[in-house]
Amino acid sequence: MGHNDHQDDFADAYGSIAADNDEHRWAFGSGFDDPLAGVDTSVQSGVDGTDLATYCLMLGDDALVLSHRLQEWVSWAPELEDEVAIANIGLDLLGQARLLLARAAKADGSDRGEDAYAYLRDPSEFRNVTLVELDNGDFAQSLARLLIFSTYRLALLDRLRTSRDPVLAAIAAKGVKEVTYHRDYAARWMLRLGDGTGESHSRADSGLTAVWPYVDELFAPHEVEVRLAAAGIGVDPSSLRAEFDSVVAEVLSAATLTEPARADAPSARGRNGEHIQALTTLLTEMQGLARSLPDATW
Amino acid sequence: MVTATAGPSASNAVTAGLGSLPDVRAVAETVTDPELPMLTLADLGVLRDVWVTHTGTVVVSITPTYSGCPAMDEMRADLRHALRAAGYQDVEVRTVLEPAWTTDWISTSGRAKLAKAGISPPHLAPVRSPGPIRLDLRDTVRVIRCPQCGSARTEEQSRFSSTACKSLWRCRSCLEPFEHIKEI
């Protein structure tokens, strides 16, 4: 947006609005600032900035990609209330992603904007787990995925609150409050579906079975996670499995569902940048506008 | 380091206005929330601190309610505008992430303004018990009174409403829907 502070030409309505854009936004929500504006983002001594940036991308990409999948439900959810709920959950995750991508840019010294990470990276540069990039499937499958993801993420963020990196710790403390609501929302829906009609039970069971093969990957530690856990910055995901199993078992039991058998682990390792076709398709849609019109503002 | 502020009243560092300019905190406290315009940012507990550095820069710190709050940029712009209009040219707005915002920081007058606008104010935020965070699979029995008619015969329709910070309720006495600021 061009700034031209002293050119108040009211014959040019757009120009006069744009000229004062810093002070008076012409549309609510237009233009985004750095979400970490004013936060001290220096990297603690003894911490490898490249590792920290990679770790922030892992957690940030999980949130960004699932946020996009949730946004795909907007205008398709079974009830208006769920449409609003799913959009809100997607917005929370997008907010977490923005903070984490911005933190990555400060940690690796590149200082690029969050948009450069979201819109200008190729699939192989994304570090999210496979679970979040899977197609939505039906409503039951999407809710089964949300239950698994939010149970994993809540356990993770809860431990990350004591990270030695004060920015990560603060992002986690905030995220815990949000993801607690996400997990309850998904869990209550699994109850309604599992303990509902024959049809809803069968859909919930199929949805859970479809996403279950991607559970093990969540808890398989990547070398960056191991190094940062040892440094008191990150969390070793294998340490989260017991809590995850216990929470999921409580939900499935109340929902009269059973845990699917362990399936063959898929070969893709999202934390290494190995992804399935679904992510490429998702990014083509998400990045299309930004890549074709790189200087666009709105 | 993230700037840490102990609590909503920990603003003793606020200085008086420069020369004949109005008190800097009083000016910042007039700025309202873009999504809940009946509340000021101070009422909401989003305005964390205001002070003037020895070189005359006004530093304002604000904290987001939720990570995805789309109004943060708007708040920054509104604060800069209000302070500049009052004569403070050099204004810096900082984001503070820690401690995380809680609905307990909404002021008493803020709660009264919410109720007057038909929005049910929050109860005290839940206290975290030790160990893993508990699932909440069933509706907790708690009384949320209808802000329209005062009835306690209300039911939750959805945990999520028009903004992330509100849940959607319905009064079974007057049959009106209303929003409740959910406790975090």
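Visitor: Leaving aside neighbours within four places in sequence, which residues is Val247(A) in contact with?
Guide: Happy to start there, with the reminder that this is a predicted model. Val247(A) sits in helix H11 of chain A, residues 241-254. Once neighbours within four places in sequence are set aside, one contact is in chain A and one in chain B: Thr151(A) and Leu135(B).

Visitor: Does Val247(A) count as buried or exposed?
Guide: A residue is buried if 20 or more other C-beta atoms lie within 10 Å of its own. Val247(A) has 22 C-beta neighbours inside 10 Å, so Val247(A) counts as buried.

Visitor: How far apart are the C-alpha atoms of Val247(A) and Ala53(A)?
Guide: Along the chain, Val247(A) and Ala53(A) are 194 residues apart. In space, their C-alpha atoms are separated by 30 Å.

Visitor: Which residues does Pro123(A) touch, not counting those up to four places away in sequence?
Guide: Pro123(A) lies in the loop between helix H4 (114-120) and helix H5 (130-133) of chain A. One of its partners is 152 residues away in sequence, with 7.1 Å from C-alpha to C-alpha: His275(A). The full set, leaving out residues up to four places away, is His275(A), Leu279(A), Thr280(A) and Leu283(A).

Visitor: How does Pro123(A) count, in terms of exposure?
Guide: Buried begins at 20 C-beta atoms within 10 Å, and exposed means 12 or fewer. Pro123(A) has 18 C-beta neighbours inside 10 Å, so Pro123(A) counts as partly exposed.

Visitor: At what angle do helix H2 and helix H10 of chain A pack?
Guide: H2(A) covers residues 49-71 and H10(A) covers residues 223-230. Their crossing is left-handed. The axes are 10 Å apart, and the packing angle is about 115°.

Visitor: Which residues in H10(A) are met by residues in H2(A)?
Guide: By class, the residues of this contact divide into four nonpolar, one polar and three charged. H2(A) brings Asp51(A), Leu52(A), Thr54(A) and Tyr55(A). Facing them in H10(A) are Val224(A), Glu225(A), Arg227(A) and Leu228(A).

Visitor: Let's turn to chain B. In what order do its elements run from the N terminus?
Guide: The secondary structure of chain B comes to four helices and seven strands. Read from the N terminus on, the order is α-α-β-β-α-β-α-β-β-β-β.

Visitor: Which are the edge strands of the three-stranded open sheet in chain B?
Guide: The strand order in this sheet is S1-S2-S3, with mixed pairing. S1(B) and S2(B) pair in the antiparallel sense over five bridges, while S2(B) and S3(B) pair in the parallel sense over five bridges. An edge strand here pairs on one side only, and the two that do are S1 and S3 of chain B.

Visitor: What are the bridge partners of Val58(B)?
Guide: Val58(B) belongs to S2(B), where it is the bridge partner of Val52(B). Towards S3(B), the bridge partner of Val58(B) is Val91(B). Taken together, these partners are Val52(B) and Val91(B).

Visitor: Which residue in the hairpin of S1(B) and S2(B) takes a positive phi?
Guide: The hairpin has five residues between the strands. The positive phi is near 95°, and it belongs to Gly56(B).

Visitor: How many residues of S1(B) are buried?
Guide: S1(B) is an edge strand, yet it is largely enclosed by the rest of the structure. That description holds because, of its six residues, the buried ones number five.

Visitor: Which element gives the largest share of the side of chain B that touches chain A?
Guide: The contact takes 33 residues from chain B and 46 residues from chain A. On the chain B side, the elements that give two or more residues are helix H3 (72-85), strand S3 (91-95) and strand S5 (154-158). By class, this side has 18 nonpolar, seven polar and eight charged residues. The largest share, six residues, comes from H3(B).

Visitor: At what angle does H3(B) run to S3(B)?
Guide: H3(B) lies across S2 and S3 of chain B. Relative to S3(B), the helix runs at about 155°.

Visitor: How many residues does each domain of chain B give to the contact between them?
Guide: Chain B is divided into domain 1 (1-117) and domain 2 (119-181). The domain 1 side of their contact has five nonpolar, four polar and three charged residues. Domain 1 gives twelve residues, and domain 2 gives eleven.

Terms used. Residues numbered from 1 in each chain as written. Chains lettered and ligands numbered in written order. Predicted model: local features only at pLDDT ≥ 70, side-chain atom pairs only at ≥ 80, totals over all residues. Contact = placed C-beta atoms within 7 Å. Nonpolar A, V, L, I, M, F, W, Y, C, P; charged D, E, K, R; others polar. Axes fitted to C-alpha atoms, helices over the stretch in contact; angles between N-to-C directions. Left-handed = near helix turned anticlockwise from the far one by under 90°. Domains from an automatic or database assignment. Pairing = 2+ DSSP bridges.
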